[in-house]
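Thanks for making the time this morning. I would like to walk you through one structure and a few of the places in it where residues come together.

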Amino acid sequence: MKNSSIRFQLNCKLFELLIMTVAFLAILAHPVLAQEGDDDHDGHGHGEEQKDWVRLDQDEMREFGVVVSEAGSAVLEQTLELPGEIRADDNALAHIVPRFSGIVTEVRAQVGDRVVARDILAVIESDESLSPYEMKTLISGTVIDKHITLGEAVSREHAGFIIADLSNVWADITVYQRDLTRVSDGQRVTIDGGDHLPGASGRISYVAPIVNEKTRTALARVVLPNDSGVWRPGTFITAQVVVDRLDVPVAVPRTALQMFQGHDVVFVQTDEGFAPRPVVVGRADRNHLEIVSGLAPGEFYVSQGGFTLKAELGKESFGGGHDH
Amino acid sequence: MLERLMEFSLGNRLLVIVVALLVMGAGYFAYTRLPVDAFPDVSPNLVQVFTVTEGLAPEEIEKYVTFPVEAAMTGLPGVEKVRSISNFGLSVVNVYFQDSLDIYFARQIVGERLQEAREQIPEGFGDPEMGPISTGMGLVLFYFLDDTTGEYSLEEMRTIQDWLVKFHLQTVPGVTEVLGIGGHEKQFHIEIRPEQLLRYDVTLDEVIDRVRSNNLNVGAQFIEKNAEEFVVRSVGLATGTEDLRSIVIKTEDGTPIFLSDLAEIGTGAAVRRGLQTRNGVGEVVSGQVVKLFGTNSSTVISDVESKLEEINRILPEGVRIVPYYQQKDLVEAAVRTVTNALLQGIVLVAVVLLIFMGGLRPSVVVALSLPFSVLFAVLLMERFGLSANLMSLGGLAIAIGMMVDGTIVMVENVDRRLRLAGRDESRLRVISQACGEVGRPILFAISIIILVFVPLFTLQGVEGKTFRPLAYTVAMAMLGSLVFALFLAPTFSSLLMRSGRKSREGGAGEEPRIVRWLQVPYRPVVGFFVRRRWTAAVLAAALLVVGAMIVPRLGSEFTPKLREGTIVVRLTMAPSISLSESQRTTRIVERRLLAIPEIREVISRIGRGEVGAHTDPINSAEMYVLLAPESEWRISGGQEEIEDLIREELGNVPGVLVNLTQPIEMTVDELLEGVRAELAVKIFGDDLDVLMVQAANVAAIVGQVPGAADVQVDQVSGTPQLLLRIDRKAIARYGINVDEVQEVIRAAIGGEVAGQIYEGIRRFDILVRYVPDARSTAEDIRHVLITAPGGARVPLDQLASIEEIIGPRQITREDNQRFVSIQCNVVGRDIGSFVAEAQDAIDDSVDLPPGYLVTWGGQFRLQQEANRRLAVVVPVTLLFVFLLLFGSFGSIRNSLLILLNIPLALVGGVVGLWLTGQNLSVPASVGFIALFGIALENGMVLVTYLNQLLRDGVPLAEASIQGACQRLRPVLMTATTTALGLFPLLFSHGTGSEVQRPLATVVVGGLFTSTLLTLLVIPAFYPWFAVKTGQESRTVMENRS
């Protein structure tokens, strides 16, 4: 009896030990186990296989503004936007000086007056002959400046009148050094004077052979017809110079090009869906890009709304660390 | 000592009653003043430093702003970690302090150091400011301004928000900040035509200078006139666009050139990094009310509401404030859940008492312990600054059943002794003796219950903040119940309970009918087990095995998700997205959501508004879903069903990651800012490119270690940049300095603020920049002209190379170093060995350049810390429990027998979880801890009595059976009261019930097995553990008593 009770006690001790161990493990295990059920991973689940195309149905395309177009040729107009200034035509400018020094006895023309060649502008009494003589304009045009007043003693050192023929004016365009190689005679130019002036266009008639030492710019000139007189010398203008006109076999709107994983891509419609296609971009104008390779004429591509497709493809990665 | 105190209390009954009433009165008073919250605040103790530098890229923000701020924060006392994010235009430095540090002290020392940081940040690069004195729970109310007339522009609405609504709301006590978002902040825009600059030969700088110098008021002291003083002031402030237009830039030959000759002048919208949309149709202006740290949510909210009423009255006709998220709803719902549980628990417990006590009077005495203990706990809560919330009140609800236990034992004994007492014995004397008998065991039993909750006090982090309040209130309530049982119960017994001879039940030792009924089947069963102890042992072992087998089958989760009752759909879009595209996408999703009939309105916030609460970039949108009244739903209800509907309706949104979350959850997650995965590998180093390459390498290697799942590299890049790299040779040719170029880039493209225009106290910035068509495309930027000192005008792209690159979207730093993290979960093996293996693999195959460092972190680190702490605390607690038991029984054997209850109780809890399909979680663990306490108490009640019988000379086997039968009533009573007290929590579906349910399940399930086993196994095992009946043990007993 005694013996067995000792054995019992021993068994009990072992039993306790077992139970206590289980209890401890259970307590300690909870926090360890507790961390497994992190169910915060919505959105990553389907990212196992990296898919490289996106499928959208018609409704979604309309909803997200995805537009598909057919690849084709286009004409690219490469332009330069340059500042400039309207100047009077040097070749149609006349400085009228008194032939002899003398006293002004009569002034017949005012600034702004239109004159015809050989019109009398002023009458001057010569100091030498003391007889009056007439100052006549050499060309037809407009009086743009006058430095002569009644009773004034004038001499031949000073021009009395400046007459300009403003039926043609010059648009002198400032060409920066980096653009010089691209600007040449005969290129078409659109002139915009801003401030509600009507636009005008013409061709470059002259590119200066030298560069101004101070401003480091060269000059290109467009002769503008100015019968209406809106182009007043001194007006600031902006000139769009069409430096190149290209027929390219494949061009896409700028909105079609997306940067995806470091490459320029265009989304192309394939049987599976829309797939990003790396392309090589050639020349460009304001609205279009030439595609040198990667897109064949006749293929259907996404011309608008490509961003949505790109975002869908890159979606797996933008959960990032902090956005849960 | 204890006996003398009890004697004293019985001798001064009036005093005792007065003190009791005072305590209860004070408790009630405390209750009315107790701050009320929805949940315990789990936000970390942190001070945020925000610096807004409009227009600066992440790299520059980091270099010029974040680094100086961060550097200033190092070495502050109590700082645990400094983490920073440099975003486009915004630097956020989070300074995490130890939880024990006072937030105002922390802010003060941060403020002092900020002074240093300000000196280090270059002029014009922003001014670092501390975030609002608030926490993740601080966003108490969101509203939007509804314009029913449709006449107000977004700019006007924003002005109303910023200068009317915000102004008034900020005066409400407890409101620390009101943050506006949406609409357009009004600004005066001077948009310069660059060709006009050429025409008039002025530079941008000169224009900005002129604007600045034509807009100020001065004072010039006073003059005396006829014994009076006249203050001299000169008013030269521009008052509007007219004044700006007529600013003279220069005069050429007497002809003034006005600003209006050079620029378009008007009011416009400030650059914004966020907006707010509503119902897929339009933008709205909205605001967020941020509550001051530590203030009472419910009073702040009600004050804000009444203020809103007031403001509504002064708003222009047709404009009104519409709250769309109110934490009040959540607070009310959460508090309702627990108070309901509390009240129902009290009723159930009272019913049980009536049934088992077999008399109204003793039941009343016991029931009185409930209000006393609860109010006692509330009094202490107020003293220790605990707020009333889901968890703290939940603690009371859990303790309901346990609070009565001490008094039950006391009253039961008094009842028994009164019945046995002779006619001529003094009632007080009998009661005093009865109380003396059980006083000590009650003291020990309740102390043990309090003690087992101690490990919870040591919990840290989020779990700690969540469950410590619960542990505190349980401990406080138990303390209250102890005071009641020991000092008040005797007094009330003497006043309310009748002596035996008057009792209707009559016969001595008579038990209530129900107990007698139960004893009929119980006696033979317990007899069987006492005779065949091994059967009992096998049964117990079998149960343990069952429990051990079920444990691995249980799922596990950290903490069940609290249902806040408000659904937030969070969209994450491509990091490179523009605000307008982001808005377009958000509206599409809004329209899809509104296709669900249960959804009445959707209001979304994109990006961030005024800095202070959110730092989200514009590629993230948070959509608040407002539901129709539940009666109109097609489905039976519940947040989860609605969430399923939303998931179904939204489907896959192209280009958008959709997550469903909740307001507080979201904000707190953002503040914690930790990685949510189990494991995070952080690579620290300087060069972002190197970091990214190495991160990809490490991710590849970690992904190959067995057990790795969801390996993901933190995406740090993805924001396109137009990088202007200044060509030093080119600028040298023209004699231009770098800053001259950059000044033009900054002002012409970005814009520069050149003063303010005051309209009353309202201030609006004057922004000078180029007209949009001279700066909005890369092509335009190439053509921006720079004037060289020699007079040459040079286009920008002749001085700088311009390239489009993909830059970092944000730069994260920790402990003064950049890092990139790789997240990973581990499946099917333990994390420790996984980390060791992965670390070896990384050491072998990744060759990190010098200065680069790999560290391991994530949830697992916290878990390891918690485990280490618990590995010390739990055994120490058990040791103390054992010591207490030993102190109570004076016998190691008895103590061990009682400890046996613990594993047996565990089984029931595990089975309970398994049957109800719940997971092992932190609240379940808390349930197990509570269970230990109750199981120990049960064991004590029984063993004490068995010992007593043995001492009285009853033979062992007979004592076991007789004792078990006689103690059937108290054991069953304490168990049923506890279990029934928890029933309301078990079946509640209210807000927050999901956190309490696992806890209640474990306790109820555990009580079931533990009571069964207490009643069957303990009597059976008792002979093995009994103190030997012999001379020596008898002396021990006598010595002790």
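I will take the nonpolar cores, then a pair of helices, and then a single residue.

Please keep in mind throughout that this is a predicted model. The largest nonpolar core has 164 residues, and within this core the members that touch the most others are B:Met478, B:Leu931 and B:Val1003. Helix H30 of chain B, residues 922-951, supplies the largest share of this core, with 18 residues. If we look at B:Val1003 and leave out residues up to four places away in sequence, its contacts are B:Gly927, B:Ala930, B:Leu931, B:Ile934, B:Thr978 and B:Leu982. Apart from the largest core there is another, of 53 residues, which includes B:Tyr143, B:Leu154, B:Leu179 and B:Ile577.

Now to the helix pair, again in chain B: the axes of H18, residues 533-550, and H29, residues 901-915, come within 9 Å and cross at roughly 45 degrees. H18(B) is therefore oblique to H29(B), and their crossing is left-handed. On the H18(B) side the contact includes B:Leu543 and B:Ile550, while the residues they and their neighbours meet in H29(B) include B:Val907 and B:Trp914. By class, the residues of this contact are twelve nonpolar, one polar and no charged.

Finally, is B:Glu59 buried, partly exposed or exposed? B:Glu59, which sits in helix H3 of chain B, residues 58-73, is partly exposed, because 14 other C-beta atoms lie within 10 Å. Although B:Glu59 and B:Pro808 are 749 residues apart in sequence, their C-alpha atoms are 7.8 Å apart in space.

Note on methods
Residues numbered from 1 in each chain as written. Chains lettered and ligands numbered in written order. Predicted model: local features only at pLDDT ≥ 70, side-chain atom pairs only at ≥ 80, totals over all residues. Core = buried A, V, L, I, M, F, W, Y, C linked by C-beta atoms within 7 Å. Buried ≥ 20, exposed ≤ 12 C-beta atoms within 10 Å, placed from the backbone. Helix = DSSP H or I, 4+ residues; strand = E, 2+ residues; numbered from the N terminus. Contact = placed C-beta atoms within 7 Å. Axes fitted to C-alpha atoms, helices over the stretch in contact; angles between N-to-C directions. Parallel < 35°, antiparallel > 145°, perpendicular 65-115°, else oblique. Left-handed = near helix turned anticlockwise from the far one by under 90°. Nonpolar A, V, L, I, M, F, W, Y, C, P; charged D, E, K, R; others polar.
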